[in-house]
Structures are given as structure tokens and as C-alpha cells.
Amino acid sequence: MLAVTDLRKEFGGLVAVDDVTFEIADGEIVGLIGPNGAGKTTLFNSITGVLEPEDGTHVEFDGTDIVALETHDIARKGLVRTFQIVRVFNEMTVLENVTTGALFGNDESISRDEAEERAREALEFIGLADKADVLAANIPIAQKKQLELARALASKPRLLLLDEIASGLTPGEIAELTDTIRRLRDERGISVFWIEHIMDAVMSVADRIIVLNSGRKLAEGTPEEIRANDSVVEAYLGDEA
Ligand SMILES: Nc1ncnc2c1ncn2[C@@H]1O[C@H](COP(=O)(O)OP(=O)(O)OP(=O)(O)O)[C@@H](O)[C@H]1O
């Protein structure tokens with residue numbers, strides 16, 4: 001589904017992502033972990049057209065080269081992301097926020113009514129339907145994260161890129177969120193690529209984990225393999241493993 005080959009991104013003299021290669025298969029949940037500054041967000045930004053990677057980088061989504069495409073064209077193809085800092089429109093209701101995802105997310109042109117219908121369905125699936133008419137400014141952080149997920153879902157993604165979606169949540173909220181992510185894959189067939197620092201969250205649901213360190217891919221494997229990998233423990237997991 002996603003094939004990334006030799007992805008490289010430099011900022012001046014700094015190599016933030018250093019020739020990273022990996023694939024994500026249809027229906028997979030893949031975690032992306034690594035220390036602060038490892039290059040995780042830069043990698044996401046380079047895949048989604050927010051940043052332009054260096055020449056020699058290849059990113060294929062469903063067999064199409066997407067490196068030169070704009071962010072919204074990439075989203076229309078079904079590769080949709082959330083952001084580390086939640087980006088909701090505070091002056092709109094929860095439903096209006098999610099409706100924008102349905103309207104602008106994918107290739108087909110749909111009416112406002114159809115978009116709202118799809119938004120309601122997404123809110124139902126995510127468990128936020130009872131907040132549809134509340135102003136987004138007035139919901140707590142855990143619900144803002146649900147709102148971001150619902151908005152992404154309403155745009156009919158095939159691959160969802162999540163950037164630290166569990167940060168700032170309580171253990172109970174994290175458990176609900178990981179359950180929702182699992183359901184997105186199991187019931188909707190959506191693949192997930194997930195940057196996360198909260199190891200229990202991402203390890204509990206990922207099929208596979210990729211570890212970045214200083215811009216390079218340090219390791220790749222099942223959560224069990226990653227927890228048992230000495231170089232990963234040394235570089236990042238430490239006492240957490
Ligand atoms: N726009 C930019 N300009 C210059 N340097 C940047 C820019 N964005 C990121 N960097 C640098 O690139 C490196 C990788 O940063 P990045 O944010 O991708 O890491 P990260 O793994 O996502 O970190 P974190 O876990 O803290 O979010 C860091 O050294 C960072 O300072």
C-alpha cells in the first residue's frame with residue numbers, strides 16, 4: 001500500500017531523515033517510535049507533502065508516485081493524517097468540524113447534506129455523536145483527539161497517519177483510543193501508521209514497529225521483537241521495555 005524508498009530530508013547541514021526504506025501493507029497497523037529529534041515527524045511531513053524530501057526519495061501509495069503531489073491531493077488519494085498539536089476549528093461545532101473532513105477529504109464531489117450524513121456516521125463510530133452540536137472550543141482534549149479521528153474517518157482514508165494521538169490522555173482514555181484504532185482497521189479496513197511515545201499504547205495494537213534513531217531506521221519488527229532488541233533498549237526504551 002505504502003512503499004517508501006531511500007527517504008531523505010535535510011535541513012541545512014542536518015540530515016533529519018537519512019535514507020529510510022520501509023513498506024506498509026494493506027490492513028496493517030505500524031508504529032513509529034524513537035527518541036525526540038529522531039526524525040519521525042519529518043518523515044510524516046515528507047510522506048504527506050508538507051515538506052519536500054531530497055531527490056532520490058521514492059514514495060509510492062497504491063502504486064502511484066506521490067512525492068511531487070500537494071498535501072490535499074495526497075489526502076484525496078486516501079492518505080490522511082492527524083497532527084501532534086490538535087488542529088480543530090474552535091469556532092465550529094464538532095459536527096461542522098467533521099463535515100469539513102467529509103467535504104474536502106476525497107476525490108468524489110458530494111453535497112453538503114451527504115457530507116453531514118457521513119460526518120454523523122463517523123462521529124457515531126468514534127463514540128462522539130452526543131457532542132455533535134457542541135462548539136469544538138468547549139470539549140476536553142480527549143474528545144478533541146476523537147474529533148480529529150472522526151474528521152479523518154469522514155474523509156474516507158485508506159491509510160491513516162497518527163502523530164502522537166495518545167499524548168496528554170489518561171490511561172483509561174488511551175485504552176478507549178487504542179480500541180477505536182483497532183476497530184478502524186478491523187471494521188473499516190483502514191491501515192494505520194502511528195508515531196507514539198507512549199509505548200504501552202502503540203505496542204498493544206501495532207502489528208509491527210519501526211524504530212528511528214538519529215534519522216536512521218534502527219530496527220523493525222513485532223512489538224515483542226522490538227522490546228527484546230538490545231540496541232533499541234539502549235537508544236530509546238531503557239527502563240520502559
Ligand atoms: N523545519 C525544520 N527546520 C530545521 N530543523 C528541523 C525542522 N524540523 C525538524 N528539524 C530537526 O530535524 C530533526 C528531526 O526532528 P523531528 O521533529 O522530525 O523529530 P521527532 O522524531 O518527530 O521528534 P519528537 O519525538 O520530539 O516529535 C531534529 O533535529 C529537529 O531539530
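Me: Two residues are in contact if their C-beta atoms, placed from the backbone, lie within 7 Å. At about what angle does α6 run to β8?
Reply: This is a predicted model: local features need pLDDT of at least 70, side-chain atom pairs count only at pLDDT 80 or more, and totals for chains, interfaces and linings use all residues. Residues are numbered from 1 along each chain as its sequence is written. Helix α6 lies across β3 (29-33), β7 and β8 (191-195). Its angle to β8 (0 to 180 degrees between N-to-C directions of axes fitted to C-alpha atoms, for helices over the stretch in contact) is about 150°.

Me: Which helix holds Pro 171?
Reply: Helices here are DSSP runs of H or I, at least four residues, and strands are runs of E, at least two, numbered from the N terminus. One helix covers residues 171-188. Pro 171 lies in that helix, α6.

Me: Is Pro 171 buried or exposed?
Reply: Count the other C-beta atoms within 10 Å: 20 or more is buried, 12 or fewer is exposed, and in between is partly exposed. Pro 171 has 10, so it is exposed.

Me: How far apart in space are Pro 171 and Ala 137?
Reply: In sequence, these two are 34 residues apart. In space, C-alpha to C-alpha, the distance is 23 Å.

Me: What is the order of the strands in the open sheet of 6?
Reply: Two strands pair if DSSP finds at least two bridges between them. The pairing in this sheet is mixed. Its edge strands, each pairing on one side only, are β6 (79-81) and β10 (216-221). Neighbouring strands are turned by 20° against each other on average, direction ignored. The order is β6-β7-β8-β3-β9-β10.

Me: Which residue in β7 stands opposite Val 80?
Reply: Strand β7 covers residues 159-163 and is joined to β6 by 3 bridges. The two strands run parallel. Opposite Val 80 stands Leu 160.

Me: Why is one side of β2 and of β5 left without a neighbour in the open sheet of 4 strands?
Reply: The sheet is antiparallel, in the order β2-β1-β4-β5. So β2 and β5 (64-65) stand at the edges, and each has a single partner strand.

Me: Which residue in β5 stands opposite Phe 61?
Reply: Strand β4 (residues 58-61) runs antiparallel to β5, and 2 bridges join them. Opposite Phe 61 stands Thr 64.

Me: Which element gives the largest share of the shell around the ligand?
Reply: Shell residues have a C-beta atom, placed from the backbone, within 6 Å of the ligand. Among them are Phe 11, Leu 14, Gly 37 and Lys 40. Both β2 (14-24) and α1 (40-47) give two or more residues. The largest share, 3 residues, comes from α1.
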